[in-house]
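Me: I am new to this structure and would be grateful for a close look at one part of it, the largest nonpolar core. Which residues make up this core, and which helices supply them?

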Amino acid sequence: MLAPIMVLAAIAMILVRKAVHSALLLATVMICLAIQYAAQDAPFLFAVQIIVYTGAILMLFLFVLMLVGVDASDSLVETIRGQRLLAGVAFLGIGILLVFAVGNVKYGDPVGLGQAQPDGNVKGLAQLLFGKYVFAFEVTSALLITAAMGAMMLAHRERLTKKLTQRDHAEERIRKYAEAGVHPGPLPTPGVLARHNAVDTPALLPDGSIATTSVSRVLQARGTVFPETEEREDVDLVREIADGDVGDEVPPEPTGTDLTGFREGDKS
């Protein structure tokens, strides 16, 4: 049941135009292959196919796609001479390998899984990978490292402009302040010297004025900023309380812990 799905997904993976769709179809092929491993009594290969290939390597493919960009156009200029010929030779070699593999299964003399792996699936794989096929295993490792380096090269972008230093950024801020009056320092954080630390409440500057730049432009565009009129009323109320009525005497601050001479209200 899964074999036709794998074949159709593999063909569609090559024919689709979008790279993200191709990656999802590749995930379909990998998951179907993992289920086939489980059906053939190969639990170790089933776990490796799900965790390593479907979970890790496919996520690496998607990460590279995000770095390169799903809308990036492919270059038609061949940077490696003869790569089409080499690709054809590789395709022919893989075809011959598949023919021999299928023929070995069809006309060979299988002995059965229990006799082929008497000590279990994991130990049998270890004996094959690090014994009979150790050279092929090491070549595959080198191939994966080469693929990772190729992904890094695809994601690399040449810098077209000079990298700005800290001095350049400082000079740019001072230039904007001199030409357009843009404040050269960092913007005040929301809720500073305000009634609470809500992000929709503009900060108050030391002179009591409202700093509108302290609120995110997204909140300003949505119209969810705390109304300036209400905040202005709160500021005026705080100033009135701080100034007090005319004639009020504010007791001096004590220089020690002795509160003798102060009224009970002042002590509290």
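Reply: A residue counts as buried when its relative accessible area is under 20%. By that cut-off, 13% of the 268 residues of the protein chain are buried in this predicted model. The accessible surface of the protein chain comes to about 21,900 Å², and carbon and sulfur atoms account for 65% of that surface.

The chain as a whole provides the setting for the core. The protein chain contains eleven helices and two strands. Read from the N terminus, its elements follow the order α-α-α-α-α-α-α-α-β-β-α-α-α.

The largest nonpolar core consists of six residues: Ala23, Leu26, Ala27, Met30, Leu58 and Leu65. Helices α2 (19-39) and α3 (43-68) each contribute at least two residues to this core. The greatest share comes from α2, which gives four residues.

Within the core, Leu58 merits particular attention. Leaving aside residues up to four places away in sequence, Leu58 touches Ala23, Leu26 and Ala27, together with Tyr53.

A further residue to consider is Gln49, which lies in helix α3. Gln49 counts as buried because its relative accessible area is 7%, and the cut-off for buried is under 20%. With residues up to four places away in sequence again set aside, Gln49 touches Met30, Leu33, Ala34, Tyr37 and Thr54. Of these contacts, Met30 is one of the residues of the largest nonpolar core.

Terms used
Residues are numbered from 1 along each chain as its sequence is written. This is a predicted model: local features need pLDDT of at least 70, side-chain atom pairs count only at pLDDT 80 or more; totals for chains, interfaces and linings use all residues. Side-chain values use heavy atoms; hydrogens and water are left out. A nonpolar core is a set of buried Ala, Val, Leu, Ile, Met, Phe, Trp, Tyr and Cys residues joined through side-chain atoms within 4.5 Å. Buried means under 20% relative accessible area, exposed over 50%, partly exposed in between (1.4 Å probe, protein chains only). Contact means heavy atoms within 4.5 Å. Accessible areas come from the Shrake-Rupley method with a 1.4 Å probe; for residues, only the protein chains shown count as cover.
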